[in-house]
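Subject: Structure handover

Hello,

Here is the structure we spoke about, with my notes on it below. Please keep it open while you read.

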Amino acid sequence: MEGTAWEGLHPHAFRRLIATELDGQALTAHEIADYLGHEQVSMTQDAYMKRGIVSSPAAEALANMQLEG
């Protein structure tokens, strides 16, 4: 990546940047793994995707949950 804004960035860091961007654009872990060439989706999730990002569908499902009591 000589001569670009990414010059000097370690390849792993660049792949993580790409995975994070794709994750932020709502691609699935499978789609990101395919793009990065990972055979195991778990590799993509463990090494390249951030944890702790709130899932909108999960948040909506919990917000609409009816408690019986």
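A helix here is a DSSP run of H or I with at least four residues, and a strand is a run of E with at least two; both are numbered from the N terminus. By that count the protein has four helices and zero strands, and its elements run α-α-α-α from the N terminus on. Please note that this is a predicted model.

Two overall figures come before the details. Of the 69 residues in the protein, 17% are buried. Among the contacts with a separation of 6 or more, 32% are between residues 24 or more positions apart.

Most of my notes concern helix α2, which spans residues 29–36. Which of its residues are buried? They are Ala-29, Ile-32, Ala-33 and Leu-36. Looking down the axis of α2, these buried residues fall within an arc of 100 degrees, so they line one face of the helix. The general background is that an α-helix has 3.6 residues a turn, so residues three or four places apart point the same way. His-30, Asp-34 and Tyr-35 lie on the other side of α2 and are exposed. The cover over the buried residues of α2 includes α1 (11–24) and α3 (41–47).

How do α1 and α2 lie relative to one another, roughly parallel or roughly antiparallel? Their axes come within 10 Å and cross at roughly 150 degrees. An angle over 145 degrees counts as roughly antiparallel, and α1 is therefore roughly antiparallel to α2. The crossing of the two helices is right-handed. On the α1 side the contact is made by Arg-15, Ile-18, Ala-19, Leu-22 and Asp-23, and on the α2 side by Ile-32, Tyr-35 and Leu-36. Sorted by type, the residues of this contact are six nonpolar, no polar and two charged. Ile-32 and Leu-36 thus appear twice in these notes: they are buried in α2, and they meet residues of α1. Tyr-35 also takes part in the contact, although Tyr-35 is listed as exposed.

Two backbone angles are worth a look. Most residues other than glycine have a negative phi. Ala-26 is not a glycine, yet has a positive phi of about 70 degrees. Ala-26 sits in the loop between α1 and α2 and is exposed, with a relative accessible area of 65%. The other angle belongs to Gly-37, just after α2, where phi is positive at about 85 degrees.

Regards

Note on methods
Residues are numbered from 1 along each chain as its sequence is written. This is a predicted model: local features need pLDDT of at least 70, side-chain atom pairs count only at pLDDT 80 or more; totals for chains, interfaces and linings use all residues. Side-chain values use heavy atoms; hydrogens and water are left out. Buried means under 20% relative accessible area, exposed over 50%, partly exposed in between (1.4 Å probe, protein chains only). The arc is that of the directions from the helix axis to the C-beta atoms. Contact means heavy atoms within 4.5 Å. Axes are lines fitted to C-alpha atoms, for helices over the stretch in contact, and angles run from 0 to 180 degrees between N-to-C directions. Angles under 35 degrees count as roughly parallel, over 145 as roughly antiparallel, 65 to 115 as roughly perpendicular and the rest as oblique. A crossing is left-handed if the near helix is turned anticlockwise from the far one by less than a right angle, and right-handed if clockwise. Ala, Val, Leu, Ile, Met, Phe, Trp, Tyr, Cys and Pro count as nonpolar, Asp, Glu, Lys and Arg as charged, and the others, Gly among them, as polar.
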